[in-house]
Every structure is written in structure tokens, then in C-alpha cells.
Amino acid sequence: MKFTKMHGCGNDYVYIDGAREHISQEDKPAFVRALSDRHFGVGGDGVIFINPSREADFEMEMYNADGSRAEMCGNGIRCVAKYVYDKGLTKRRELDIISAGKVKHVVLDIEDGKVAEVRVNMGRPELSAEKIPVRASGGRVINEEIAVLDQVYRMTCVSMGNPHAVVFVEDVQNLPLASLGPYFEHHERFPKRVNTEFVRVIDRGHVEMRVWERGTGETLACGTGCCATAAACVLNGLTDRKINVHVPGGDIAVEWDEKEDTIYMTGPACFVFEGEIDGNV
């Protein structure tokens, strides 16, 4: 089975052309866990299958490293766009890509015949607690207290197709994320677990972020997390609507368009290497 390793700001996945390579749905979770293992497999934050689609130009079928299915990945969808264009599966510079039943429109920035950056219409941020989902007494969770490991934090919850809790902190770099992240992910308030962004505001146009992703752990970037962060920043009056999010793997530009009530995300997508593995791994 042939595969391609790609990353967006260090958020790396193993990509497989689902039109050419076939594996049963029941076998995919174990297959994904084996492939994602950084010691015994290819290594990555998960696996993404690029499939044909009747509803869009392509389908992105995404799995976390633990084999669980995920709804959306901002870095992943940019890499899918680069994959299909650079490999000649499409000549279009604007595409619709569907993931978990939701279609996202992407615009490709081409340099020397290859995709350099991708701008993604990530849609409207979902703020309804019920739809995120997060257990709450009100309709929204904005700057609300949550107790984790005997400490009280304040979080703002947003869904960008997947659930996020954004927590503003004064020090991102020295945060004990490896020990703190799992407690947020599995907190009783999140019935489907949660991705947690820890954010320090630098100024009205810049923030830095570290993220703990459900089913994977800390990653070097999270595209949907950057979008959720931008929304949380605006909702709390901390930044302008257009910001640069600095993550350990690079920088992602995010804009929450006020008139359209839509979030746009722009960032790079990169090939790492290609190879072939035994499909029974």
C-alpha cells in the first residue's frame, strides 16, 4: 500500500489515496493506530484517506492517531488540497472538499506549478453549547470557569466542526501540557471529548498557542484550533478579527469575517516523503 507523509505547520498525517488503495472500514482503526506509531509505523498525528465524492470534488476521511474518527482537520484539509493538485488529480485552483458530511471551499495559492498555501473557508463558528457539545447551564460557554486538577481555569468553547475549549494563559511555553491536556480532553463536561487550546495574547493581531488534541495528544499545530482561538479572542474582546496564530510548527493566519460570519484560515502545506507499506501492518 502506497502512502504519502505530509504536514501543515508540523501537524503531520499519513495520506492514502482511497481511490487506489482499499481497506475495510472495520480494519481502519487498528490500521491507523499501527501506521501512526512513531516507533513501529510511519509515524504521524493520524491518517487521512483521500476519497472520491459525489457531493464535492474530494472527500477527506480523517482519523486520529488512536484510531478514532475525527470530523475536521484544518491542516489536513490544506494538505489534501495540495495532494490532489500537485499529483494531477485536478487542475482546478478552487475546490470543494467534504469531511464528515460538511463541505469546505478551498482556494489554492500556486507557485512554480505547486501549491504553496491554501485558504480555507472554515464556515461559521458554532457557539451553541449543545452543538459543540459541552455541558453548560447556558446557551454559550464564554469565559466560563472549569476546574481541572484542583485549579480553576476560564474557557471559551467553540466548534469548528469539532469541539474546542480555548483557555487564555499568561505563560504558554512552560505549561505542563502533557499532564494537563488529558484531564481537559476527558473532563465530564465534554461528552465527545475536546481539543484544548492554551493561548497567550501578544497584541491585537498576534497570539501564541499550544494545543492538546483529543485522540492524539500535543501536536505542533491545529488548524481548527487556530480558528477556534480567533473566535474566542474576538468573543472576549482580546484581539481584532484578523490575527496571526503562532504555533510550535509555524504560523497560521485566521480571519473571522464579520459580515459573512465566516472564518477563513490560510497556511502552508508540505510534502515530507512517500513510501510503500504492507497493508497488513
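This section walks through two helices, the cysteines, the aromatic rings and a few backbone features of the structure. The model is a predicted one, and the residue-level descriptions below should be read in that light.

A good place to start is helix α2, which covers residues 74-86. Its end C-alpha atoms lie 19 Å apart, in agreement with the 18 Å that 13 residues should span at 1.5 Å a residue. The helix is mostly covered, with 13 of its 13 residues buried. After α2 comes Gly-88, where phi is positive and near 75°.

The chain then continues through the loop between α2 and β6, the strand of residues 94-99, and Leu-89 has its place in this loop. With a relative accessibility of 36%, Leu-89 counts as partly exposed, since that class begins where the buried one, under 20%, leaves off. Beyond its neighbours within four places in sequence, Leu-89 is in contact with Asp-17, Phe-58, Tyr-83 and Val-84. A longer reach along the chain is given by Asp-278: this residue is 189 residues away from Leu-89 in sequence, and the two C-alpha atoms are separated by 24 Å.

Thr-90 belongs to the loop between α2 and β6 as well. Its relative accessible area is 11%, so Thr-90 is buried. Setting aside residues up to four places away in sequence, Thr-90 touches Phe-58, Val-84, Tyr-85 and Leu-95. Phe-58 and Val-84 are thus found among the contacts of Leu-89 and among those of Thr-90. The side chain of Thr-90 also places a polar atom 3.1 Å from the backbone nitrogen of Arg-92.

Helix α4 offers a second example of a covered helix. This element runs over residues 223-235 and reaches 19 Å from its first C-alpha to its last, close to the expected 18 Å for its 13 residues. Because 12 of those 13 residues are buried, α4 is largely enclosed by the rest of the structure. Among the buried residues are Cys-226, Cys-227 and Cys-233, together with Ala-230, Ala-231 and Ala-232. Just after α4, Gly-237 takes a positive phi of about 70°.

The cysteines deserve a closer look, as the structure holds zero disulfides. For Cys-73, the closest cysteine sulfur is that of Cys-222, and at 6.7 Å the distance is too far for a bond. Cys-227 is likewise in no disulfide, with its nearest cysteine sulfur, in Cys-226, 6.9 Å away. Cys-227 is buried, at a relative accessible area of 0%, and Cys-73 counts as buried at 4%.

Turning to the aromatic residues, a search of the whole structure finds six aromatic pairs. One of them is formed by Phe-31 and Phe-49, a tilted pair with 6.5 Å from centre to centre and 35° between the planes. Phe-31 lies in helix α1 (residues 28-36) and Phe-49 in strand β3 (residues 46-51), so this pair ties together parts that are 18 residues apart in sequence. Both partners are buried. In the pair of Tyr-153 and Phe-184, the ring centres are 5.5 Å apart and the planes meet at 70°, so the arrangement is edge-to-face. Here strand β10 (residues 151-159) supplies Tyr-153 and helix α3 (residues 177-185) supplies Phe-184, so the linked parts are 31 residues apart in sequence. Tyr-153 and Phe-184 are buried too.

Ring pairs also join Phe-31, Phe-49 and Tyr-63 into a cluster. The ring of Tyr-63 has a charged neighbour, with the charged end of Arg-69 sitting over it at 5.5 Å from its centre. In a further case, Arg-241 lies over the face of Trp-256, 4.7 Å from the ring centre.

Some backbone details complete the picture. Ile-132 and Pro-133 are joined by a cis peptide bond, with omega at about -5°, and Pro-133 is found in the loop between β8 (114-123) and β9 (144-148). Arg-193 is not a glycine, yet its phi is positive at about 65°. This arginine is found in the loop between α3 and β12 (195-203) and is partly exposed, with a relative accessible area of 22%. Asp-261, another residue other than glycine, has a positive phi near 50°. Asp-261 lies in the loop between β16 (250-257) and β17 (262-268), and its 30% relative accessibility makes it partly exposed.

Key
Residues numbered from 1 in each chain as written. Predicted model: local features only at pLDDT ≥ 70, side-chain atom pairs only at ≥ 80, totals over all residues. Heavy atoms only, no water. Helix = DSSP H or I, 4+ residues; strand = E, 2+ residues; numbered from the N terminus. Buried < 20%, exposed > 50% of the residue type's maximum accessible area, 1.4 Å probe, protein only. Contact = heavy atoms within 4.5 Å. Polar contact = N/O pair within 3.5 Å; in protein donor to acceptor, adjacent residues only side chain to side chain. Expected span 1.5 Å × (residues − 1). Disulfide = S-S within 2.5 Å. Phe/Tyr/Trp six-rings, centres within 6.5 Å; stacked < 30°, edge-to-face > 60°. Lys NZ or Arg CZ within 6 Å of the ring centre and 35° of its normal.
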